[in-house]
Amino acid sequence: MSQFNRRRFMTTSGSMVALGATSGVSLIPSLANAQEIVKLGLLHSLSGTIAIAEASLVDAEKMAIEEINAAGGVMGRQIQAVVEDAASENPVFAEKAQKLLERDKVAAIVGCYTSASRKAVLPALARANGLLFYPTYYEGQEQDKHVIYPSQEATQSVVAAVEWMAREKGKTIFLVGSDYIYPRTCNKIAKPTVARMGGKVVGEEYAPLGHTEFSSIINKIKAAKPDWVYSTVVGGSNVAFYKQLRAAGLDGSKQKLLSTVVSENEIEGIGKDNAEGYYACMGYFQSIKNPANERFVKAFKAKYGQNRVIGDPMQVAYNCVYLWKLAVEKAKSFDPQKVIAACAGIELDAPEGKVRVHSKNQHVWKKVRIGKARADGQFDIVWESSGLIEPNPFPKL
């Protein structure tokens, strides 16, 4: 873990260090005995290059668990959270998933962040007939019978973002991303969408995960002079990327950039000055005005500190725990396959607004929004879909 990420993790996720940052920590309700407990696995990167984006999801998940336990639990049982650190390493995700399912006997896992980490745990889910709630926006192209996908897939983010950029005079677009599944698949979807909107892709570049030297890519952006940069750079690499863009004179006032992976939480690491003026496409922004979100934000800050911010994956992670609870109660069972079947059609009045699990494809109907980063690290919402967008994880390109 780099010195920056270590400092960042300790300052933004201090409550998590105290309540479960070490591998295998169980958060056990004090009054519950073995007969009254159901275990829920929380599997995330609490260290490594992805921790800047992923570690704080555990805080949101723990808050949902504590709220549910305080209200009586699930089918009369208190939830015991078993927290595992996968350290931003895909083989570790696979190992920890197997431990949670086979040794800890968790009823379900809420976890993973990158698509590569999600795919790494699929064999363990299949062997144990387990269940994963995956809280991160992703590229689609998957419908595994052991996974529920409560965040937006590419047609609910990439397509919406590219169409909006084109409407906002975005006829030339430069694609830049981290070199793994999500960015490459998103750009595969973005390119025909750009063409359909009458635009042109003027560059496409990738950097390894954890990469910190973007001068070559930035020089190519400057030479291409695109109307927009569409970024799928993830994790700690965004700290270097955004700072180097600004140093090269391509800050948010001079170069339009939209990311589908940078939320308020990442901005805390990137630096507010470095992100100001850039755009993001998400299902959720902390600045959403509705009673459910106001209660959520107030409760989160009361628990973890007034300076903490909430990004889209954190809110979806919180939703995952509640969706699991609703499905268990509908199924009247903790059996993973019965819970998956019961997920179809369930609705949740989430902080982002109403979400509904699709009746057939295990993804979620939801609104999509575009925000512009402010000087305080929050986003002004400049566009949102008129209604819930149906998930389409296998679009015809």
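# Exercises on helices and their contacts

Lys220 is in contact with Phe174 and Glu205, leaving aside its neighbours within four places in sequence; contact means heavy atoms within 4.5 Å. The model is predicted: local features need pLDDT of at least 70, side-chain atom pairs count only at pLDDT 80 or more, and totals for chains, interfaces and linings use all residues. Residues are numbered from 1 along each chain as its sequence is written, and side-chain values use heavy atoms, with hydrogens and water left out.

**Exercise 1.** Find where Lys220 is and state its exposure class.

Solution. Step 1: Lys220 belongs to helix 9, residues 215–224. Helices (H or I, at least four residues) and strands (E, at least two) are DSSP runs numbered from the N terminus. Step 2: the relative accessibility of Lys220 is 38%, so Lys220 counts as partly exposed. The classes are buried (under 20% relative accessible area), exposed (over 50%) and partly exposed in between, with a 1.4 Å probe and protein chains only. Step 3: Val202 lies 18 residues from Lys220 in sequence, and their C-alpha atoms are 9.7 Å apart.

**Exercise 2.** Describe the surroundings of Gln152.

Solution. Step 1: Gln152 sits in the loop between strand 6 (147–148) and helix 7 (158–167). Step 2: its relative accessible area is 0%, so Gln152 is buried. Step 3: not counting residues up to four places away in sequence, Gln152 touches Tyr137, Tyr138, Ser157, Cys281, Met282, Gly283, Asp312 and Lys366. Step 4: the side chains of Gln152 and Ser151 make a polar contact at 3.2 Å. Such a contact is a pair of N or O atoms within 3.5 Å; within protein, one must be able to donate a hydrogen and the other to accept it, and residues adjacent in sequence count only if both atoms are side-chain atoms.

**Exercise 3.** Compare the span of helix 5 with its expected span.

Solution. Step 1: the expected span of a helix is 1.5 Å times one less than its number of residues. Step 2: helix 5 (residues 90–103) has 14 residues and should span 20 Å; the end C-alpha atoms are 19 Å apart, which agrees. Step 3: Phe93, Lys96, Ala97, Lys99, Leu100 and Leu101 are buried in helix 5. Step 4: the elements covering these buried residues include strand 2 (37–44), helix 3 (51–54) and helix 6 (115–128).

**Exercise 4.** Work out how helix 14 is placed against helix 15.

Solution. Step 1: helix 14 (residues 312–331) has 20 residues, of which 16 are buried. Step 2: the axes of helix 14 and helix 15 (residues 336–343) come within 8 Å and cross at roughly 105°. Axes are lines fitted to C-alpha atoms, for helices over the stretch in contact, and angles run from 0 to 180 degrees between N-to-C directions. Step 3: the two helices are therefore roughly perpendicular. Angles under 35 degrees count as roughly parallel, over 145 as roughly antiparallel, 65 to 115 as roughly perpendicular and the rest as oblique. Step 4: Trp324, Ala327, Val328, Lys330 and Ala331 of helix 14 meet Lys338, Val339, Ala342 and Cys343 of helix 15. Step 5: this contact has seven nonpolar, no polar and two charged residues. Here Ala, Val, Leu, Ile, Met, Phe, Trp, Tyr, Cys and Pro count as nonpolar, Asp, Glu, Lys and Arg as charged, and the others, Gly among them, as polar.
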